[in-house]
Amino acid sequence: RIMGEPITATIPIGQDRLDSHDSAAVALASAPRSISGAASGPRAVSTADDAQISNSEVVLALVKCAIGAGSLSLPYAFKEGGLWFSLIGTVLIGMLSAYTIILLKQCEEAVGLKLLAEGQIDGKGRSISAASGNGGFVKALSPPLLGPEDFNIDPIVNVESLAFNVDPIVPVAPRTKLMYPEVAAGAMDGAVAKSVMKGVVNVGICLTSLGVCAAYLDFLAATLPQVLGPLLGPDFGELEATLMVLPVMLVLVLLRTFKVLSFTAILGDIAVTVALLAVVVYGFATRDIDLSLPFINIKSLMKFVGATSFLFAIHIVVLPILHASKSPQSFAKNISTSFSFITGLNAIFGFLAYALFADDVAPAVTDNLDGGSDATQATLNAVKVLLCVDLLFTVPFVFVAGREIVEREVLSRFRDGERTTSVMHIRNTVRIALLGCVVAICFGVPCFGDMVNLVGGVVNATMGFILPPILALKLFPCMSLFATIGHVLILVFGVTALVLTLFFTAQDLADPNHS
C-alpha cells in the first residue's frame with residue numbers, strides 16, 4: 001500500500017517531463033530499429049494522445065525490439081555457456097527480463113500515484129501547475145511479484161487538499177507517461193537521491209547507445225572485408241572498412257529528421273529474417289548437427305549472460321511502446337506474449353546454430369557463412385551486405401538516445417539568448433564528439449563478441465536486473481517476505497553479472513592472444 005502520508009520530495013514535471021518524451025527512450029523505441037537491431041516501426045510509439053496501437057501491435061513492436069543483431073551473437077554465447085545449459089539459461093533470462101520489464105511498468109504506475117498524491121498531476125496523469133497540500137490516498141497494490149495486471153485500475157484517491165476542484169472521493173486511473181529516468185527519480189525521496197538515480201539511468205542510456213553503435217561498427221568492420229576483400233584486394237581490412245563507413249555514419253548522425261530513413265523499417269525486417277534463415281539453412285546444408293557438445297562451460301559462463309542480456313534487456317525502450325497502447329491495463333499480458341515468442345525463437349536459433357557450427361561458431365554467426373560454390377558464396381555475400389546496410393542505417397536511431405541526453409545537458413548550460421544563434425553548431429559539435437567516442441570504443445574493444453558482452457553484461461544488466469528490483473523494494477515496502485527475497489536475488493544476479501562480465505571481458509582484452 002502507498003499511504004497518504006505528507007510527501008515533501010518533488011519531481012520536475014513541466015518542460016523537463018515533456019522533453020523526456022522526445023529523448024532517449026522515445027527515440028530508441030520509435031525508431032525503425034532498436035538497440036538489438038530489429039525494426040519497431042515508426043508507429044511503434046508516439047507521445048501524442050491519439051497515437052494508440054492495439055495489443056497485437058504492441059506485441060509486434062516488442063518482438064522487433066529484441067530480435068536483430070543481438071540474435072547473431074547468441075550462437076557464440078551458447079559456446080561460452082555450453083549447449084544445454086545455454087538453452088535452459090536463455091529461457092530463464094528471457095523470463096527474468098519479461099518479469100523485470102513488468103516490474104518497471106508497475107513502478108512507473110506507482111510513481112504516477114505518488115505524483116498524484118503530491119498534487120503534481122491530475123487523475124488523468126496530466127501535469128498541473130500548482131498544488132497546495134498533499135492529497136492523501138489509499139491504494140491497494142497487488143504483490144509486485146507477478147501480480148495481476150489490473151493492479152492500477154480505479155484506485156480510490158482522496159483529493160480534498162489538491163489544488164483542483166473535483167469530488168472529494170473519486171475513482172481515477174492515472175495514466176502517466178514517465179520515462180525510465182523519471183521513474184527512477186520518482187521512486188526516491190530527497191533531492192540528492194532523485195538526482196543520483198536520474199543521473200544513473202541517463203548515463204546507462206548513453207552508454208547503451210554508444211556501446212551498441214560501437215558494436216555495430218565492430219560488426220561492419222569485420223564483415224565488410226569478407227565481402228569486399230576479393231574486389232578491393234587483400235589489403236582491405238578492418239581499419240579500411242571502418243574508415244570507409246565513418247563518413248556515411250557522420251552524415252547519418254547529423255540528420256535533422258529521420259523521415260528520409262523510413263524505408264529502413266522494412267529493410268530491417270528483411271535483413272534480419274534473411275540472415276537468421278541463411279545461417280540455419282547453410283548450417284544444415286554443410287554440417288551435421290552435434291548434440292554431444294559440452295553441457296556447460298563454467299570458465300566462460302558469464303560471457304553467456306552478457307550476450308543474452310544484450311539481447312533481452314530492452315528496458316530503456318519498452319515504456320514508450322507501452323504508453324502507446326490502447327489497452328494499458330494489458331501490459332503484463334502483452335509483455336508475456338511477446339517474450340514467449342522472443343525467448344523461444346532465440347533459444348531455438350542459438351541452439352541449432354551452435355550445434356551445427358560447434359566450436360567453429362564465430363562471435364557474429366554470419367561470419368560462418370563462407371564457402372560453397374560461386375553461386376552459394378554470392379548469395380551469402382548478398383545476405384551480409386544487406387545486413388551491413390541495415391545496421392549502418394540503424395546507427396542514427398540508436399545514436400539519438402545518448403546524444404539527446406548530452407545535447408540537452410550541454411544546451412542547459414547556456415542562457416536562452418546565448419544559445420539561440422549557435423544552437424545548431426553546439427548540437428553538431430556534440431554529435432561529432434559522441435561519434436568520436438563510438439570510434440574510440442570500437443578501437444578499444446574491436447571484437448563484436450566482446451562488445452556485446454560488455455554492453456549486455458554491464459549496462460543492460462544494470463538497467464534490466466539491478467535498477468528495477470531496487471525501485472520495487474523502495475516503492476513496495478510492504479511486499480511479502482517471499483517477494484522481497486525474490487527481488488533481492490534478482491538484484492544479486494544483476495550485480496554478479498555486471499562484476500564478472502566486466503572482469504572476464506577485461507581479462508580477454510588484456511590477453512595478447514585473444515582474437
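Start by selecting Ser-97, which counts as buried at 0% relative accessibility. You're looking at a predicted model, and this serine is a handy place to drop into it. Ser-97 is part of helix H6, so colour that helix now; much of the tour comes back to it.

**Around Ser-97**

Show whatever touches Ser-97. Leaving out residues up to four places away in sequence, you should find Phe-312, Ala-313, His-315, Phe-339 and Phe-465. Now pick the C-alpha atoms of Ser-97 and Ile-314: they are separated by 8.2 Å, though these positions lie 217 residues apart along the chain.

**Zoom out for a moment**

How many helices and strands does the chain have? The secondary structure comes to 18 helices and 3 strands. The chain has 515 residues, and 57% of them count as buried. Take the contacts between residues at least 6 apart in sequence: 80% of these join residues at least 24 apart. Switch on the surface and you have about 20600 Å² of accessible area, with 66% of it belonging to carbon and sulfur atoms.

**Along helix H6: Lys-105**

Go back to helix H6 and select Lys-105, which sits in that helix. Is Lys-105 buried or exposed? Its relative accessibility is 3%, so Lys-105 counts as buried. Setting aside neighbours within four places in sequence, Lys-105 is in contact with Leu-319, Leu-322, His-323 and Phe-331.

**Into the core: Ile-335**

Next, select Ile-335. The largest nonpolar core has 136 residues, and Ile-335 and Leu-471 are the ones with the most contacts inside it. As a general backdrop, nonpolar side chains in soluble globular proteins tend to be buried together. Which residues does Ile-335 touch, not counting those up to four places away in sequence? Light up Leu-62, Ala-98, Ile-101, Ile-102 and Leu-322. Leu-322 may ring a bell, since it is also one of the contacts of Lys-105.

**Out to the surface: a nonpolar patch**

Now for the outside. Select Trp-84, Ile-88, Val-91, Leu-92, Met-95, Phe-284, Ile-289, Leu-291, Phe-295, Ile-296 and Ile-298; together they make a nonpolar surface patch of about 1000 Å². Which helix gives the most to the patch? That's helix H6, residues 83–118, with 5 residues. Click on Leu-92, which is found in helix H6. Leu-92 has 51% relative accessibility, so it counts as exposed. Compare that with Ser-97, in helix H6 too, which is buried at 0%.

**Ring hunting**

Show the aromatic side chains next. The structure holds 7 aromatic pairs. One of them joins Phe-85 and Phe-304: the ring centres are 6.2 Å apart, the planes make an angle of 65°, and the pair is edge-to-face. Phe-85 belongs to helix H6 and Phe-304 to helix H11 (residues 301–312), so this pair ties together parts that are 219 residues apart in sequence. The two partners also have their own levels of cover. Phe-85 counts as partly exposed, at 26% relative accessibility, while Phe-304 counts as buried, at 1%.

For another pair, jump to Phe-503 and Phe-504. Their ring centres are 5.2 Å apart and their planes stand at 75°, so this pair is edge-to-face. Both are partly exposed: Phe-503 has a relative accessible area of 48%, and Phe-504 has 22%.

Before moving on, add Phe-78 to your selection of Phe-85 and Phe-304. Ring pairs link these three into a cluster.

**A loop with a twist: Ala-358**

Follow the chain to the loop between helix H13 (331–357) and helix H14 (374–411), where you'll find Ala-358. What is the phi of Ala-358? It is positive, about 50°, although this residue is not a glycine. Most residues other than glycine have a negative phi. Ala-358 counts as buried, with 17% relative accessibility.

**Last stop: Ile-405**

Finish in helix H14, where Ile-405 lies. Ile-405 is buried, with a relative accessible area of 10%. Select Val-203 alongside Ile-405: their C-alpha atoms are 8.8 Å apart in space, while the two residues are 202 apart in sequence.

Terms used. Residues are numbered from 1 along each chain as its sequence is written. This is a predicted model: local features need pLDDT of at least 70, side-chain atom pairs count only at pLDDT 80 or more; totals for chains, interfaces and linings use all residues. Side-chain values use heavy atoms; hydrogens and water are left out. Patches are made of residues with over 30% relative accessible area and no salt bridge: like charges are joined within 9 Å, nonpolar side chains (Val, Leu, Ile, Met, Phe, Trp, Tyr) within 5 Å. Accessible areas come from the Shrake-Rupley method with a 1.4 Å probe; for residues, only the protein chains shown count as cover. A salt bridge is a side-chain nitrogen of Lys or Arg within 4 Å of a carboxyl oxygen of Asp or Glu. Helices (H or I, at least four residues) and strands (E, at least two) are DSSP runs, numbered from the N terminus. Buried means under 20% relative accessible area, exposed over 50%, partly exposed in between (1.4 Å probe, protein chains only). A nonpolar core is a set of buried Ala, Val, Leu, Ile, Met, Phe, Trp, Tyr and Cys residues joined through side-chain atoms within 4.5 Å. Contact means heavy atoms within 4.5 Å. Rings of Phe, Tyr and Trp (its six-membered ring) pair if their centres lie within 6.5 Å; planes under 30 degrees apart count as stacked, over 60 as edge-to-face and the rest as tilted.
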